[in-house]
Amino acid sequence: MSDPATQPVASYLADPADVHRVLLLYSGGLDTSVMLKWIQDEYDAEVVALTVNLGQPGEDYDVIRGKALQLGAIDCRIVDAREEFAREYVLRAIKANAVYGLGYPLFTALGRPLIAKLAVEHARASGCDTIAHGCTGKGNDQVRIDATVATLAPELKVVAPVREWRMGREEEVAYARDHGIPVKGGTELAPYSIDDNLWGRSSEGRWIEQLDHPPEDDVFGLVTRPEDAPDVAEIVTVEFERGAPVALNGERIGLVELLRQAAEHGARHGVGIVDHIEDRIVGLKVRDIYEVPAAAILLPAHQELERLVGTIHQNQFKPLLDQRWAYLVYAGLWWEPLRSDLDAYIEAANEQVTGTVGIKLYKGSARVVTRTSPNAVYDAQLATFAESGGLFSQAASPGFIELWSLQSRMAWRMRSGATG
Ligand code: ARG
């Protein structure tokens with residue numbers, strides 16, 4: 001039996017003595033740049049950097065690669081995973097109407113299992129024994145990444161220096177200075193902590209931690225302030241086939257491009273700002289400012305169509321599964337079999353979700369205004385206030401009501417002590 005005192009807290013954590021070549025998930029920012037150097041010095045190990053493109057706007061991957069190599073990485077791999085992210089992750093989320101809490105469409109939560117899966121693939125391909133990431137010990141991302149690595153690659157170990165070292169931002173900046181690591185954007189004011197991809201953007205830190213502090217304008221990096229949005233409303237139409245958005249305003253385009261264009265429309269009209277207090281996996285309650293212009297259009301459009309083609313029973317049941325799906329994904333359990341079991345049902349339900357939805361965008365609001373579907377469980381003839389002829393017999397309704405209310409009436413009578 002091994003001595004519990006010398007056993008690592010978790011099976012997947014690296015023993016420093018066994019760290020020789022590290023696959024570092026590298027963003028080019030301060031934390032992971034300091035890590036790139038620190039790992040080489042601390043473990044006397046080689047570093048292979050991996051940067052994943054999930055459609056976050058405004059990245060210069062040549063600059064990131066150059067920086068990694070300059071800081072001593074033996075290789076820097078840039079992977080364009082936008083297509084896989086859109087198809088295998090965001091599309092499932094759309095079909096699951098996936099939102100956590102009161103409005104977080106899970107863009108970060110969806111991206112992490114893919115990033116970690118790619119880390120595993122590239123670690124194996126480049127002979128690494130360890131994967132390093134820049135997550136703190138307070139967040140959800142460590143759970144998502146560690147859980148993915150431990151699930152997919154039990155032979156690989158993990159180091160998370162930010163979780164271990166006790167450097168604050170000032171020490172990190174000092175370390176960067178001492179080691180010739182460029183710090184962009186000045187060093188006085190800590191910037192917002194940003195995470196983004198083609199499905200959304202989050203900001204944390206600074207005044208956002210004061211719950212009574214309304215959003216300052218400089219936090220918005222994606223979405224126009226509703227006050228500044230155009231005075232003229234715009235209707236965007238989204239066409240779906242079996243739950244997948246395939247065309248925008250009548251033009252068929254690939255999913256990545258469709259997500260980008262939907263975000264552009266939403267952003268212009270100030271749509272998709274979410275000021276969110278969130279229950280994290282690890283118990284903390286934290287505030288995030290989200291900008292999710294594409295999700296603010298596509299999720300309501302999808303949900304509208306799904307409800308149009310579903311029966312009352314399907315429409316009451318699926319949100320329960322959707323909510324469970326969103327929580328599993330939020331909570332870092334992408335590889336949990338229940339998630340794929342749920343996906344099987346969600347896929348089946350989406351078989352019917354074909355049609356077109358129009359959404360009106362105006363100064364921060366996105367409202368469904370039109371919907372059509374060949375599969376709609378809807379018959380204007382039946383729904384009309386005018387007489388429907390033999391299709392729907394209003395004469396049958398009283399008999400239905402008699403039986404429908406039978407138990408309720410019996411219970412009411414017994415509980416109110418009424419006699420006879
Ligand atoms: N609260 C969100 C989540 O847990 C967004 C996290 C943003 N991540 C980050 N590293 N800043 O998914």
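**Entry 1. Backbone at two loops**

I began with Asn249, which sits in the loop between β9 and β10 (251-252). The model is a predicted one, and I read every value below as computed from it. Phi of Asn249 is near 50°, a positive value in a residue other than glycine. I noted the background for this check: most residues other than glycine have a negative phi. Asn249 counts as partly exposed because its relative accessibility is 39%, and the class runs from 20% to 50%.

I then turned to Arg242, which is not a glycine and yet has a positive phi of about 45°. Arg242 is placed in the loop between β8 (234-241) and β9 (244-248).

**Entry 2. Overall chain**

I recorded the general dimensions next. The protein chain holds 14 helices and 14 strands. Along the principal axes, its C-alpha atoms fill a box of roughly 85 × 60 × 45 Å. Of the 420 residues of the chain, 47% count as buried.

**Entry 3. Salt bridges**

I asked how many salt bridges the chain has by the rule used here. The count comes to 31. The background is plain: side chains of opposite charge can pair when their charged atoms come close.

I looked up Glu46 and Arg21, whose side chains meet in a salt bridge at 2.8 Å, N to O. Glu46 belongs to strand β2 (residues 46-53) and Arg21 to strand β1 (residues 21-25), so this pair ties together parts that are 25 residues apart in sequence. Glu46 is partly exposed, at 35% relative accessibility. Arg21 is also partly exposed, with a relative accessible area of 27%.

I then examined Arg112 and Asp195, which form a salt bridge with their closest N and O atoms 3.0 Å apart. Arg112 lies in helix α4 (residues 107-125) and Asp195 in strand β6 (residues 193-197), so the pair links parts that are 83 residues apart in sequence. Are Arg112 and Asp195 buried or exposed? I found that both residues are buried.

Arg77 and Asp75 gave another salt bridge, at 3.2 Å, N to O. Arg77 is partly exposed, with a relative accessible area of 22%. Asp75 is likewise partly exposed, with a value of 28%. I also noted a network of salt bridges that links Glu88, Arg92, Arg339 and Asp343.

**Entry 4. Second largest pocket**

I opened the second largest pocket and read off about 370 Å³ of space. Its lining is made by 19 residues, and those nearest its centre are Gly55, Pro57, Leu198, Arg260 and Ala263. The elements giving two or more residues to this lining are α8 (255-268) and α9 (293-309).

Which element gives the largest share of the lining of this pocket? I found that α8 does, with 5 residues. By type, the lining residues divide into 11 nonpolar, 5 polar and 3 charged.

**Entry 5. Nonpolar surface patch**

I searched the surface for nonpolar patches and recorded one of about 280 Å², made by Leu382, Leu391 and Phe392. Leu382 is placed in helix α12 (residues 380-383). Leu382 is partly exposed, with a relative accessible area of 35%. Leu382 can therefore enter a patch on area, since the relative accessible area must be over 30% and that of Leu382 is 35%.

**Entry 6. Two aromatic residues**

I checked Phe85, which lies in helix α3 (residues 82-95). Phe85 counts as buried because its relative accessibility is 0%, and the limit for buried is under 20%. I also took its separation from Gly358: the two residues are 273 apart in sequence and 25 Å apart in space, C-alpha to C-alpha.

Where does Trp165 lie? I placed Trp165 in the loop between α6 (161-164) and α7 (169-178). Trp165 is buried, with a relative accessible area of 8%. Between Trp165 and Thr136, which are 29 residues apart along the chain, the C-alpha atoms are separated by 9.9 Å.

Methods. Residues are numbered from 1 along each chain as its sequence is written. This is a predicted model: local features need pLDDT of at least 70, side-chain atom pairs count only at pLDDT 80 or more; totals for chains, interfaces and linings use all residues. Side-chain values use heavy atoms; hydrogens and water are left out. Patches are made of residues with over 30% relative accessible area and no salt bridge: like charges are joined within 9 Å, nonpolar side chains (Val, Leu, Ile, Met, Phe, Trp, Tyr) within 5 Å. Accessible areas come from the Shrake-Rupley method with a 1.4 Å probe; for residues, only the protein chains shown count as cover. A salt bridge is a side-chain nitrogen of Lys or Arg within 4 Å of a carboxyl oxygen of Asp or Glu. Helices (H or I, at least four residues) and strands (E, at least two) are DSSP runs, numbered from the N terminus. Buried means under 20% relative accessible area, exposed over 50%, partly exposed in between (1.4 Å probe, protein chains only). On a 1 Å grid over the protein atoms alone, a cavity is a set of points where a 1.4 Å probe fits but cannot get out, and a pocket is an open set with protein on both sides within 12 Å along at least five of seven lines; lining residues have an atom within 4 Å of a point. Grid points are joined across faces, edges and corners, and a volume is the space filled by probe spheres set on the points. Ala, Val, Leu, Ile, Met, Phe, Trp, Tyr, Cys and Pro count as nonpolar, Asp, Glu, Lys and Arg as charged, and the others, Gly among them, as polar.
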